[in-house]
Amino acid sequence: MTVQSSTRPEVAPGQRRGGSKPPTEQPQRSRGVLGRLDVKYSPYLYIAPFFVLFGVFGLWPLIYTLRMSLYDWDLGSTVETAKFVGFDNFTMFLGDEDFWNSVVNTIAMFLMSTIPQLILALILANALNKRLRGRTLLRMGVLIPNITSVAAVSIVFTQLYNRDFGLINWVLGLFGVDPIEWSAHSWSSWVAISSMVDWRWTGYNALIFLAAMQSIPRDIYESASIDGASAWRQFWTMTVPMLRPTIIFVTIISTIGGLQLYGEPLLFTGGGNPLLGGSDRQSQTVTMFLMEQFYMKFELGRAATVAWLLFILIMIFSVINFLFTRSLRSADGKAKQRKAVKL
Amino acid sequence: MTATAVRTGGAAAPTPDRRRRRKGGGAAERLWQASPLTYVTLLAAVALSMFPLYYMFVIATRTNDAIGQTPPPVTPGGQIGGNIDRLLGNDSAAFMTGLVNSAIVATVVTVFVVFFSSLAGFAFAKLRFKGRNGLMLAILITMMVPTQLGIVPLYQMMYEWDLHNKLPSIILPFLVSGFGVFMMRQYASQAVPDELIEAARMDGCSVFRTYWNVVLPGLRPAIAVLGLFTFMEQWNSFLWPQIALGDPENPTVQLSLQRLSQGYYNDYSQVFAGTLLSVVPLLVIFIIFGRQIIGGIMEGAVKA
């Protein structure tokens, strides 16, 4: 109503509002040529900002990265001065121990953070899916780690893992474990850094799973209960398979995020040159390796190569994930059959 | 009956169908009953979630020797003022500049992302034009490309345009979001009825006026969620600001924190006061909009 009167004061309002079916031709004509152009072409204007800005700051750098990766390109290079080297950068890194070390670190931390995270998130979601008092508060409580900043999380956890006065070594000490220098070894860095990622993302994923669980029709559980299936069995043989699309979604998102891990290991490492991930590169991830080429060595062409290798790594893992989660399908089919029988 | 219904329903109001079943009771009913174990699990999860934040608060409010105490301190002290003073007086961390910069960047990016996304989302959901589906598909594909793939040329670009070390360098690349457009399109196609748009057009509204006066108000819940996510993402952004803002005098809050933690590693109470201040704005947003944020995450999950 307000819209009508504010935009078209010159039209007698009663006339149109009174009629049940306003004449379609009249306003069209009154809008004229401009109006028709507006309807026909203005949509392109509305979507243009996305395509223009993405083209400049997304697509173009992407293509240019591919080009740079084929050159020996340093900080002062231009298109004219850079030397074309073909796939030399790629083959060099594929034979480079330090690169593979960063790949291993990244994959290890990705697995150590993603797998426990998804299992914990499923369990939490299952608990949140019950009839609860203080539902919103509990949901907010598990989501709160996601709202903190990466740097803050990393700093606090790094302190918790401190060798001399970290809380974790203190607790372990109560059980007679000698203080561990968490940042000194690969495995312990992986544990520490994965725990940061887990802490930050478990609650978020739990809410996503919860949403999916709520959309599962409850009558299939009813029939399963009548058949005598325990709650635990129902969870694993019905809930989890039914969540397959969501699990795929979450693992793919976690893969893309997990393989790009950067802020946490960087701050955890600290020290003289954090980009290296410690004196033995214990916690150097692929993105840190990329930054080493880019920001320490100013080898822009090689940094671009690492960017593409990282992208390929993400693609490979997305495919593996997809194939792996697809294997849940047979179980899903069974659950659907059961539902069909009931209906 | 109403009381139980409110307590027990899912996100949506309980349907009559569900209520009937509940009355039926039986084995399935017990499945949704929260056992003590459920509460123990959830409370443990909440405690674990809160603990690092609480610990941060404790250390930030104490003197520096608190960090070495055994058993570790569990109650806040009264030193927060002194710690913050030291933090703000620390020129090499430029914490205040970082805080202000982050607030500016996150706000500007959020406003633009929301505006551009809702405009494009409206066009894709409600307007007919040639190539609509193909263009939408293109946007979906852009969502799958990790942004850091392009950082090397992006850096050169900023350098050439003389934008490096300046805030526009970390604002410009993030003004549009494929995810935002997708989310707005999904929401607009469901929440804004076609009749409303037709009516506005009948009244001679231009397409943009229709968007501004009719569509935008209808998108408000989705805008709130997209805005909050974008703000948090920008506030937390790390890799690109580190590259683009090499100048230590002009950092974002995350970069200040990094410098603090690496340069002043022995003054824990100062560093933790910094982390606390960097988290407070987000926590305030979370406390005010927590319900919407949770709704947004869950709704997005179902649609995806």
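How many residues does the contact take from chain A and from chain B? It takes 88 residues from chain A and 88 residues from chain B. On the chain A side, the top contributor is helix H3 (residues 25-68), which gives 21 residues to the part that touches chain B. Sorted by class, that side of chain A looks like this:

| Class | Residues on the side of chain A that touches chain B |
|---|---|
| Nonpolar | 61 residues |
| Polar | 20 residues |
| Charged | seven residues |

Keep in mind that this is a predicted model.

Now for chain A itself. It's split into two domains: domain 1 covers 23-68, and domain 2 covers 88-342. Take the C-alpha centres of domain 1 and domain 2 of chain A, and you'll find them 39 Å apart.

Over in chain B, you'll see 16 helices and zero strands. Chain B has 304 residues, and 45% of them count as buried. Look at the contacts in chain B with a separation of 6 or more, and 72% of them come from residues 24 or more positions apart.

One helix of chain B is worth a closer look: H6, residues 95-126. What span should its 32 residues have at 1.5 Å a residue? The answer is 46 Å, and the end C-alpha atoms of H6 in chain B are 45 Å apart, so the two values agree. H6 of chain B is also mostly covered, with 23 of its 32 residues buried. As for helices in general, an α-helix has 3.6 residues a turn, so residues three or four places apart point the same way.

Terms used. Residues numbered from 1 in each chain as written. Chains lettered and ligands numbered in written order. Predicted model: local features only at pLDDT ≥ 70, side-chain atom pairs only at ≥ 80, totals over all residues. Domains from an automatic or database assignment. Helix = DSSP H or I, 4+ residues; strand = E, 2+ residues; numbered from the N terminus. Expected span 1.5 Å × (residues − 1). Buried ≥ 20, exposed ≤ 12 C-beta atoms within 10 Å, placed from the backbone. Contact = placed C-beta atoms within 7 Å. Nonpolar A, V, L, I, M, F, W, Y, C, P; charged D, E, K, R; others polar.
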